[in-house]
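Colleague: Could you take a close look at one helix for me, and tell me which of its residues are buried and which are exposed? After that, walk me on to whatever else in the model you think belongs in the picture.

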Amino acid sequence: MDLIHPHSKRDVMDALRGASAAGTRVLIVGGRRHIDKGNPSEVDAELWTTLLDDRVAYDPAEMLCVVEAGMRIHDLRAMLAEGGQEWPVDAPGDATVGGVIAAGVTTVRQLLVGTMRDTIVEMEVVTGDGRLVKSGARTVKNVTGYDVHRLLTGSLGTLGTIVQVALKVRPLPKATRTLANDDGGLELGRRVLDAISLPAAVLAEPDRLVVRLEGWPEEVQEQVVAAGAIAPFDDTEAPFPEACFPDATIVAEAAVVPSRLPQLLAGIDRYRASMGVGIVWVPFGDEAALTTFRARAAELGGIAPVIRGPGGLGVGPVPAPDVERRIRAAMDPAGILAPGRAWST
């Protein structure tokens, strides 16, 4: 397999233009931390973005940074920390910014900080046939056209190669606390969620409940008191978020309406559910158990793609197949970008 390591946007454009003309199927690669997400795809070459890692612009007063897509998350965190800020995405440090966006990585703290999609204000992407396209703008008054950058978020590199992004950042919290309770369960998680105003996360497991609190010291202390009125909690110094079932061969990330979590998880003895969000991570030892779980998720109007191990995305609905086909034809006319990796018609 050929490995392509572009040093510039022009290199990416030339590589994809040539691949499109030759019919060479290409997988876009960042830090390989989310490579298992997506269906298996036979490709002839990998295009790595890790050399596109420059800082383009960062002004803490504007709460906006512009970086190339190959920048590692740990480098971005260090840069923003100097300005007392963060990009509120819970991703491994060796992942790349573009890879995190292309994989549509779930933000564990989205109860407080919102979704990653809403932090991306501008994007430059190279299409499958080598055109450089810009979407969004660094200032709201300059925004025109379609939100192509939202479309690319979670597209798994099948619509184009993200080469540069402008990100909306936020101040680092003045205080953080992570609380743990050894009772756990969805019902306790629901009660704690109802009792606390704006927690960063409430993560329920069958025998454990973890509550993440961020904000001003007085605000966080009030949240601690509110949680303690529901159940006893201890502070934990464990990194947040903790690794998600590192011993599991397969981990699925299911999404349903939050009120349907109890139905989805009935009889499941291991899970980590994000209360109030409807996201739940479930480990599996084999694909047969995963298939059964996916069928239940589908009955509840949800999905359960795999984020680690074999299994792919599973069967997913394509709400507007004609629109989907036209988008793919416009962004990747020759169909060279990881064919079949994402849900499609």
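Modeller: Sure, let's start with the buried residues of helix H1, which are Val12, Met13, Ala15, Leu16, Ala19 and Ser20. They sit on the same side of H1, because the arc they cover around the axis is only 170 degrees. Turn to the face of H1 that points away from this buried side, and you find the exposed residues Ala21 and Ala22. Bear in mind that this is a predicted model. The length of H1 works out too: the helix runs over residues 9–22, and at 1.5 Å a residue its 14 residues should span 20 Å, which agrees with end C-alpha atoms that are 20 Å apart.

Helix H9 can be read in the same way. Its buried residues include Leu290, Phe293, Arg294 and Ala297. Those residues cover an arc of only 105 degrees around the axis, so they are on the same side of H9. Across from them, on the other side of H9, Ala288, Thr291, Thr292 and Glu299 are exposed. The length check comes out fine here as well: H9 covers residues 287–299, its 13 residues should span 18 Å at 1.5 Å a residue, and the end C-alpha atoms are 18 Å apart, which agrees.

Now for the empty space inside. Searching the whole structure turns up 3 cavities of 30 Å³ or more. The largest cavity holds about 260 Å³ of space. It is lined by 23 residues, and the closest to its centre are Ile28, Val29, Gly30, Gly99 and Ala102. Strand E2 (26–29), helix H3 (97–102) and strand E9 (161–168) are the elements that each give two or more residues to this lining. H3 supplies the largest share, with 4 residues. By residue class, the lining of the largest cavity splits into 10 nonpolar, 10 polar and 3 charged.

The second largest cavity has a volume of about 70 Å³. Its lining is made up of Thr178, Leu203, Glu205, Arg208, Val210, Thr236, Ala238, Pro239, Phe240, Pro241, Glu242 and Arg272. Two or more of these residues come from strand E12 (201–205), and the same goes for strand E13 (208–215). In this lining, 6 residues are nonpolar, 2 are polar and 4 are charged.

On to the cysteines. A disulfide is a covalent bond between the sulfur atoms of two cysteines. The search of the whole structure finds 0 disulfides. Cys65 counts as buried, because its relative accessibility is 0%. Cys244 is buried as well, with a relative accessible area of 18%, so it falls under the 20% cut-off.

One last spot is Gly316, in the loop between strand E18 (306–308) and helix H10 (321–331). Gly316 has a relative accessible area of 18%, so this glycine is buried. Along the sequence, Gly316 and Ile303 are 13 residues apart, and in space their C-alpha atoms are 6.8 Å apart.

To come back to your helix: H1 has its buried residues, Leu16 and Ala19 among them, on the same side, while Ala21 and Ala22 are exposed on the face turned away from it.

Definitions and conventions:
Residues numbered from 1 in each chain as written. Predicted model: local features only at pLDDT ≥ 70, side-chain atom pairs only at ≥ 80, totals over all residues. Heavy atoms only, no water. Buried < 20%, exposed > 50% of the residue type's maximum accessible area, 1.4 Å probe, protein only. 1 Å grid on protein atoms, 1.4 Å probe; cavity = no way out; pocket = protein on both sides within 12 Å on 5 of 7 lines; lining within 4 Å. Points joined across faces, edges and corners; volume = space filled by probe spheres on them. Nonpolar A, V, L, I, M, F, W, Y, C, P; charged D, E, K, R; others polar. Disulfide = S-S within 2.5 Å. Expected span 1.5 Å × (residues − 1). Arc of directions from axis to C-beta.
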